[in-house]
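Biologist: I'm new to reading protein structures, so let's take this one step by step. Could you put it on the screen, and I'll ask as we go?

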Amino acid sequence: MFKTKFIILFFLFLFLTTIFSVVIFSIVISTPYDKLSGFETFKIESGQSVNEISRNLKKQGIIHSSFVFEIYLWLLKSEGKIKAGNYNLDCPINIKDLSEILIQGQKIGLERKIKIIEGWNIKDIAKYLADENITAQNDFLDFVKNYKIDNTKFSFLTDTKNKYDLEGFLFPDTYKIYKDAQNSDIVNKMLNNFNQKITKKIRSDIQFQNKTLFEIIIIASIIEKEVRNENDMKIVSGIFWDRIKNGQPLESCATIGYILGENKRQYSYEDTRIDSPYNTYLRQGLPSGPICNPGLKAIKAAVYPEFTEYNYFLSKKNGETVFSKTFKEHSLNTRKYLK
């Protein structure tokens with residue numbers, strides 16, 4: 001009897017140990033090694049063995065463990081499938097993604113980098129891509145406006161009311177693209193990045209607040225254009241959400257700039273009377289859509305606002321934000337810093 005129990009316990013222990021090892025291994029190959037940041041050049045010579053390649057990867061700081069890298073390739077039965085060449089690796093990178101790149105072959109000569117800035121709207125992105133001789137400006141705009149939503153891959157887009165306009169969801173970042181990349185390649189890369197940056201935790205917190213991702217991106221896009229500092233973003237977010245709660249117009253100059261297509265130090269009374277679904281001076285609540293493509297700091301500020309006693313704010317010429325509790329105080333600051 002004792003021997004039987006021992007055997008059962010032994011095999012149970014073995015089973016649990018195996019499961020634990022598989023889980024740990026899966027986590028290790030999916031977790032980027034964060035020693036390096038940015039694009040790192042890595043060269044594989046023709047005829048190099050997996051052992052040589054793994055040692056060089058570890059020596060260069062791209063991976064943490066040569067052993068795990070080699071085991072993963074062995075499990076894939078891909079030890080002999082790694083292609084020689086020059087690679088431009090976007091670090092930090094995990095072993096799983098790295099292996100896929102090295103197996104497929106991704107050479108530097110076929111690639112280039114583009115940088116999409118926080119706060120750019122779709123027209124800004126289209127102009128930039130045209131200036132970089134990547135795609136025609138109108139072709140990119142037409143593609144974005146007629147984009148067919150893939151509900152299985154980018155289900156977050158089903159929140160949008162327009163169902164076709166990707167404003168707000170083309171995530172600002174530095175991207176590596178092939179020189180012959182099509183509009184679909186570029187847009188899908190940006191949307192995929194957005195999908196990864198907006199974590200399950202963020203989405204869960206949005207849902208807990210009884211808000212939609214679309215509403216968050218609208219507020220984030222306004223915050224992105226209004227203030228620069230991360231702490232200021234949180235305070236401004238609190239002011240905006242309070243105004244919505246209290247039935248007040250947002251009165252965001254950034255939305256007027258979006259309507260006019262130009263930025264001014266101060267907008268006139270006539271500017272704020274323009275009839276548009278984006279005019280937050282005339283209409284309560286949110287405008288009909290985002291006014292730019294916000295970065296992660298602005299998005300997080302929209303999700304996690306800081307509620308204060310401030311009711312008003314303005315930006316000085318140097319970008320510093322000045323907050324006020326009363327309209328009288330705000331008027332004095334306006335005359336002081338904006339006249």
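Modeller: Sure, and one word first: a helix here is a DSSP run of H or I at least four residues long, and helices are numbered from the N terminus. Keep in mind that this is a predicted model.

Biologist: Then let's start with α11: which residue follows it, and what is the phi of that residue?

Modeller: Helix α11 spans residues 253-260. Right after α11 comes G261. The phi of G261 is positive, near 75°.

Biologist: And at the other end, which residue caps the N-terminal end of α11?

Modeller: Look for a side-chain oxygen close to the backbone nitrogen of A254. You'll find one 3.2 Å away, and a polar contact needs N or O atoms within 3.5 Å. The oxygen belongs to S252.

Biologist: Which element do the buried residues of α11 pack against?

Modeller: First pick out the buried ones: A254, T255, I256 and G257. Then follow their packing to another helix, made of residues 213-226. That helix is α9.

Biologist: Let me zoom out: how many helices and strands are there in the protein chain?

Modeller: The chain has 339 residues, and 40% of them count as buried. Its accessible surface comes to about 19500 Å², with 53% of that belonging to carbon and sulfur atoms. As for the count, the chain has 13 helices and six strands.

Biologist: Among contacts between residues at least 6 apart in sequence, what share joins residues at least 24 apart?

Modeller: A contact here means heavy atoms within 4.5 Å. Take the contacts between residues at least 6 apart, then keep those whose residues are at least 24 apart. The share is 62%.

Biologist: Now the rings: what kind of pair do F156 and F194 make?

Modeller: A search of the whole structure finds 12 aromatic pairs. For F156 and F194, the ring centres are 4.8 Å apart and the planes meet at 35°. Planes under 30 degrees apart count as stacked and over 60 as edge-to-face, so with 35° this pair is tilted.

Biologist: How many residues apart are F156 and F194 along the chain?

Modeller: F156 sits in the loop between α6 (137-145) and β4 (174-178), while F194 is in helix α7 (residues 183-197). The pair therefore links distant parts of the chain, and both rings belong to buried residues. The separation is 38 residues.

Biologist: What about F171 and F194, what kind of pair are they?

Modeller: Their ring centres are 6.5 Å apart and their planes are at 70°. This pair also links distant parts of the chain, with F171 in the loop between α6 and β4 and F194 in α7, 23 residues apart. Over 60 degrees has its own name, so at 70° the pair is edge-to-face.

Biologist: Is F171 buried or exposed?

Modeller: The cut-off for buried is under 20% relative accessible area. F171 has 4%, and its partner F194 has 0%. Because 4% falls under that cut-off, F171 is buried.

Biologist: Which residues form the aromatic cluster?

Modeller: We've already met F156, F171 and F194, and they all belong to one cluster. Two other Phe residues join in, F154 and F169. The full set is F154, F156, F169, F171 and F194.

Biologist: On to β6: which residue is the bridge partner of F313?

Modeller: Strand β5 (residues 312-315) pairs with β6 in the antiparallel sense, over four bridges. The two form a hairpin with five residues between them, and G319 in the turn has a positive phi of about 95°. Within β6, the partner of F313 is F323.

Biologist: Which residues of β6 are buried on each side?

Modeller: In a regular strand the side chains alternate between the two faces of the sheet. Both faces of β6 (residues 321-324) are covered. On one side the buried residues are T321 and F323, and on the other V322 and S324.

Biologist: Last one: is N133 buried or exposed?

Modeller: N133 lies in the loop between α5 (122-131) and α6. Its phi is near 60°, a positive value in a residue other than glycine. The relative accessible area of N133 is 71%, and since the cut-off is over 50%, N133 counts as exposed.

Note on methods: Residues are numbered from 1 along each chain as its sequence is written. This is a predicted model: local features need pLDDT of at least 70, side-chain atom pairs count only at pLDDT 80 or more; totals for chains, interfaces and linings use all residues. Side-chain values use heavy atoms; hydrogens and water are left out. Rings of Phe, Tyr and Trp (its six-membered ring) pair if their centres lie within 6.5 Å; planes under 30 degrees apart count as stacked, over 60 as edge-to-face and the rest as tilted. Buried means under 20% relative accessible area, exposed over 50%, partly exposed in between (1.4 Å probe, protein chains only). Two strands pair if DSSP finds at least two bridges between them. Accessible areas come from the Shrake-Rupley method with a 1.4 Å probe; for residues, only the protein chains shown count as cover. A polar contact is a pair of N or O atoms within 3.5 Å; within protein, one must be able to donate a hydrogen and the other to accept it, and residues adjacent in sequence count only if both atoms are side-chain atoms.
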